[in-house]
Amino acid sequence: MFVLELTYTAPLDEIDALLPAHREWLNEQYEAGVFVVSGRKNPRDGGLIIAVGEDRDRIEAVVASDPFVQEEVCAYRVTEVVVTQVAPGYEELHTQPVG
């Protein structure tokens, strides 16, 4: 599992102009089963995405395909997480054997 933290590096009017393309990209990643959850940070200086995958290189390639990255209006911080505990109903997100 990966936590993708976006930090805007451009004014919000530039971000807003690219939002339709960014949202289309998000939808493609949800359909592909890569993204689990996403949203804006508050205050609105970026966003956060939870992604699943076993290959960091693949996640980095997905990040590189974001229109925000291609237009250089945000920076990503990609953190790999080994999930060791989950709430009931989220067992499929568990990546580390217990014990």
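This passage looks at a β-hairpin and at a buried pair of side chains, H22 and D66. The model is predicted, so local features need pLDDT of at least 70 and side-chain atom pairs count only at pLDDT 80 or more, while totals for chains, interfaces and linings use all residues. Residues are numbered from 1 along each chain as its sequence is written, and side-chain values use heavy atoms, with hydrogens and water left out.

The hairpin comes first. Strands β2 (residues 35-40) and β3 (residues 46-51) run antiparallel and pair over 5 bridges; pairing takes at least two DSSP bridges, and strands are DSSP runs of E, at least two residues, numbered from the N terminus, as are helices (H or I, at least four). A link of 5 residues joins β2 to β3, and G39 has L48 in β3 as its bridge partner.

Now to the buried pair. H22 sits in helix α1 (residues 12-31), and it counts as buried because its relative accessibility is 7%, where buried means under 20% relative accessible area (1.4 Å probe, protein chains only). Neighbours within four places in sequence aside, H22 contacts L6, D66, P67, F68 and Y76, contact being heavy atoms within 4.5 Å.

D66 belongs to the loop between α2 (56-64) and α3 (67-70). With residues up to four places away left out, D66 touches L6, H22, W25 and Y76. D66 is buried too, yet it has no salt bridge (a side-chain nitrogen of Lys or Arg within 4 Å of a carboxyl oxygen of Asp or Glu). The nearest side chain of opposite charge is R23, 11 Å away; Lys and Arg count as positive, Asp and Glu as negative, and His and the chain ends are not counted. What D66 does have is a polar contact of 2.9 Å with the side chain of H22, that is, a pair of N or O atoms within 3.5 Å, one able to donate a hydrogen and the other to accept it within protein, with residues adjacent in sequence counted only if both atoms are side-chain atoms.

Note on methods
Buried means under 20% relative accessible area, exposed over 50%, partly exposed in between (1.4 Å probe, protein chains only).
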